[in-house]
Amino acid sequence: MRPDGELRWAPGRPVPVAAMLRPLRRGGGDPTFRQDPDGSVWRATRTPDGPVVLRVRAHPADASVHAQAWGPGADRALGGVPELLGAADETWAEFVPRPEHTVLVESWRAHRHWRVGRTGAVFEALSASALEQVVTSVEAFAAWRRLVSRFGEPAPGPVGLLLPPTPQQWSRVPSWEWLQAGVELRRRKVTILAASRAAGLERTLAMPPDEADRALRSLPGVGVWTSAEVRQRAHGHADAFSFGDYHVAKDVSWALTGEVLDDAGCAEVVECYRGHRFRVQRLLEFAGARRPRRGPRMTVPTHTPNRALRAARAVR
């Protein structure tokens with residue numbers, strides 16, 4: 001199937017396409033995302049002009065990127081490719097890791113061409129991040145996969161991806177479908193309320209980072225963690241550190257100081273990188289910086305609806 005548009009972008013630097021777009025994938029079974037063995041990344045999304053499937057592939061030989069798009073939103077998506085791949089990350093050159101933070105220094109040197117990208121899709125990022133509140137990634141990704149498969153639509157293009165639901169489609173998901181996906185009322189309400197304010201959420205893209213954070217957190221159920229997860233992806237905010245995450249503060253503090261600290265302790269450690277705290281977080285993730293795990297691994301919770309339903313059936 002011929003694409004509806006193509007773009008070759010040459011930013012003058014190698015672009016690590018897979019590393020930059022991987023955070024947009026919600027688990028290995030995400031029906032909106034695909035990565036091919038040749039490094040091509042496919043993404044189904046929605047734009048103000050309509051749905052689109054975007055295929056992006058890096059060409060290291062000439063430091064360029066080739067993008068193809070299918071669907072009514074093709075021109076809009078292709079026009080956004082540079083920002084998707086970090087062209088709007090204007091502060092990257094200001095970042096210099098401290099020499100005593102050796103793991104960070106090494107990762108920075110190994111990933112000098114990585115930038116903070118920007119999708120411009122606020123509600124899409126929020127609807128997915130809301131499902132990830134409180135529960136493990138395993139449960140969150142399973143819920144995303146089930147709900148998108150049930151209520152998304154076939155995306156344009158040749159590879160059979162699905163589009164994430166529109167705000168209206170999210171609002172019409174029956175209560176029992178949320179429960180079957182393991183999503184309790186609190187998380188469900190975040191997405192439904194966000195759907196009713198989707199247009200206002202998109203306006204946060206034009207706000208300064210602190211103002212956008214306040215606007216997102218004014219939505220009931222959206223706290224510091226959810227706001228950061230949205231801004232990392234949709235806004236391209238290099239300072240949107242994932243405070244409130246079960247692992248991030250502990251892993252980052254251990255990588256930088258050798259001590260496992262909570263959010264407050266980690267905040268003191270990374271304060272010297274204000275403006276780049278998400279950049280630090282991501283570079284340490286690239287380095288595989290994980291604190292030693294001496295206790296049992298965190299288990300999949302049993303308090304969510306689908307786990308409770310299975311347990312009840314097992315008793316019967």
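Trainee: Why is W70 called buried?
Mentor: Set the value against the cut-off. Its relative accessible area is 3%, and buried means under 20%, so W70 qualifies. Keep in mind that we're looking at a predicted model.

Trainee: Where does W70 sit, and what does it touch outside its sequence neighbours?
Mentor: W70 is found in strand 5. Leaving aside neighbours within four places in sequence, its contacts include M1, R2, P3, D4, W42 and P158. P158 is a nice example: W70 and P158 are 88 residues apart in sequence, yet their C-alpha atoms are 8.6 Å apart in space.

Trainee: How many aromatic pairs are there in the whole structure?
Mentor: A search of the whole structure turns up 8. One of them is F95 with W108, with ring centres 6.4 Å apart and 80 degrees between the planes.

Trainee: What makes F95 and W108 an edge-to-face pair?
Mentor: Two checks. The centres have to lie within 6.5 Å, and here they are 6.4 Å apart. Then the planes must be over 60 degrees apart, and here the angle is 80 degrees. Both checks pass, so edge-to-face is the right label.

Trainee: Where in the chain do those two rings come from?
Mentor: From distant parts of the chain, 13 residues apart. F95 is in the loop between helix 3 (81-84) and helix 4 (102-110), while W108 is in helix 4. F95 and W108 are both buried.

Trainee: And why are W170 and W178 called stacked instead?
Mentor: Look at the planes. They stand at 25 degrees, with the ring centres 5.6 Å apart. Stacked needs planes under 30 degrees apart, so W170 and W178 fit.

Trainee: How do you know whether W170 and W178 are buried or exposed?
Mentor: Same recipe as before, with the cut-off for buried at under 20%. W170 has a relative accessible area of 1%, so it is buried. W178 comes out at 0%, so W178 is buried as well.

Trainee: Which residues do ring pairs link into a cluster?
Mentor: F95, W108 and Y273.

Trainee: What makes R115 a charge over the ring of W92?
Mentor: The distance from the ring centre must be within 6 Å, and for R115 it is 3.5 Å. R115 also lies over the face of W92. K250 does likewise with Y246, at 4.4 Å from the ring centre.

Trainee: On to the helices. Why are helix 13 and helix 14 called oblique?
Mentor: The axes of helix 13 (residues 248-257) and helix 14 (residues 263-270) come within 9 Å and cross at roughly 45 degrees. That makes helix 13 oblique to helix 14, because the angle isn't under 35 degrees, over 145, or in the 65 to 115 range. The crossing itself is left-handed. Helix 13 brings A249, V252, S253, L256 and T257 to the contact, and helix 14 brings D263, C266, V269 and V270.

Trainee: What about helix 11 and helix 12, why do they get the oblique label?
Mentor: Helix 11 (residues 209-217) and helix 12 (residues 224-235) pack at about 125 degrees, with axes 9 Å apart. Roughly perpendicular ends at 115 and roughly antiparallel starts over 145, so these two helices are oblique to each other. Helix 11 passes helix 12 in a right-handed crossing.

Trainee: Why is helix 13 described as largely enclosed?
Mentor: Because 7 of its 10 residues are buried. Among them are V248, D251 and A255. The buried residues of helix 13 pack against helix 4, helix 14 and helix 15 (277-286).

Trainee: What makes the positive phi of A63 worth a look?
Mentor: Most residues other than glycine have a negative phi. A63 isn't a glycine, but its phi is about 55 degrees. A63 lies in the loop between strand 4 (50-59) and strand 5 (64-70). V134 isn't a glycine either, and it has a positive phi of about 75 degrees. V134 is in the loop between helix 5 (122-131) and helix 6 (137-151).

Trainee: How do you know whether A63 and V134 are buried or exposed?
Mentor: A63 has 16% relative accessibility, under the 20% limit, so it counts as buried. V134 has 57%, and exposed means over 50%, so V134 is exposed.

How values were computed: Residues are numbered from 1 along each chain as its sequence is written. This is a predicted model: local features need pLDDT of at least 70, side-chain atom pairs count only at pLDDT 80 or more; totals for chains, interfaces and linings use all residues. Side-chain values use heavy atoms; hydrogens and water are left out. Rings of Phe, Tyr and Trp (its six-membered ring) pair if their centres lie within 6.5 Å; planes under 30 degrees apart count as stacked, over 60 as edge-to-face and the rest as tilted. Helices (H or I, at least four residues) and strands (E, at least two) are DSSP runs, numbered from the N terminus. Buried means under 20% relative accessible area, exposed over 50%, partly exposed in between (1.4 Å probe, protein chains only). A charge sits over a ring if NZ of Lys or CZ of Arg is within 6 Å of the ring centre and within 35 degrees of the ring normal. Axes are lines fitted to C-alpha atoms, for helices over the stretch in contact, and angles run from 0 to 180 degrees between N-to-C directions. A crossing is left-handed if the near helix is turned anticlockwise from the far one by less than a right angle, and right-handed if clockwise. Contact means heavy atoms within 4.5 Å.
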